[in-house]
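Student: I have a two-chain structure to look at and I'm new to this. Can you walk me through how to read it?

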Amino acid sequence: MSSDIHIDPISFQKEAQRNPDRAFHMLVNAYSHMIFNLCLQYAPNKMDAEDLTQEVFTAAYKNIHTFKGNAKVSTWMYSIAINKSKEFVRNQSRQKRSGIHVEIQHEDGSEKEFAIHFDHPGVKLENKEEAQIVFKAIESLPDNQRDAFILHRIDGKSYEEISEILDTSLSSVESLMFRAKKKLKDLLHDYYHEKNS
Amino acid sequence: MNMENFENWIEGTHKEELVTRTTPSSELLQRLHAIPNQIASTVVKPSFMWISAACIAALIAFNIFSLDKQNDQLENTTINSYDNYFSYIQHL
């Protein structure tokens, strides 16, 4: 699923020192698609995802001079996006606690809280209900498990790439993925059990 | 999607993707390309800050210098007035 455009890190670093604006436009042209789709996994509606994407690129522009040529440009962008997305989810959860949240009306009449309004443009209409349940389950995972799962299962990143992005070891990523999958299955199992009973 | 399909999707063995990639709108791309201009208009350049600091320092130095000069002049004027007042003593 992942389709990264490669920017040579050394030439990008030189360009960032020489002409940061031009280097930034290179970033937008190469990674806006990738970052917007990643943001959609954390903020599953167009408006929030666009705002989040803008925040990510603003942070990238402000820190463009700090880019070290020893890492991939895409990895650097992913790290910024993950951090900004975590901030976004935290803020949404805080708003939810203070009463600003969206409630989902279920068929049985019960209401379940969902911190972020769900209207993912990449989900087919017939899959919308299931996707909403999956996204809610993903949202409830611990931070690192959620990041690893989104990057691997939804964004198509390899475990090696995830370990670089999250700045952790390969064995940690494997462990995070194992626990994330187990927890998701348990959550979805509970959901189906409730639905069928 | 049933429970089994969900489990397969989680494991990555299910053929159908739950989410497809979306292309960002042209408005978003415009917003992103406009970021350098927005930041340039809101962030004060360090050179401007240094120039402002230097101007303030010069203004303070000028004030201290003026105050010092004024004090000297005032002292001289006071001494002259005393001299004039007591000048009759010199005639005695």
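Tutor: Sure, let's begin with contact, meaning heavy atoms within 4.5 Å. Here 45 residues from chain A and 29 residues from chain B take part. Keep in mind that this is a predicted model, where local features need pLDDT of at least 70, side-chain atom pairs count only at pLDDT 80 or more, and totals for chains, interfaces and linings use all residues. Residues are numbered from 1 along each chain as its sequence is written, chains are lettered from A in the order in which they are written, and side-chain values use heavy atoms, with hydrogens and water left out.

Student: How much area do chain A and chain B bury between them?

Tutor: The size of an interface is often given as the accessible area lost when the parts come together. Buried area is that loss, taken with a 1.4 Å probe and summed over both parts. For chain A and chain B it is about 3,500 Å², with 63% of it on carbon and sulfur atoms.

Student: How many salt bridges are there between chain A and chain B?

Tutor: A salt bridge puts a side-chain nitrogen of Lys or Arg within 4 Å of a carboxyl oxygen of Asp or Glu. Between chain A and chain B there are five. In one salt bridge, B:Arg21 meets A:Asp155 at 3.4 Å, N to O.

Student: What does a search for disulfides find over all chains?

Tutor: A disulfide is a pair of cysteine sulfur atoms within 2.5 Å. The search of the whole structure finds zero.

Definitions and conventions. Buried area = accessible area lost by both parts, 1.4 Å probe.
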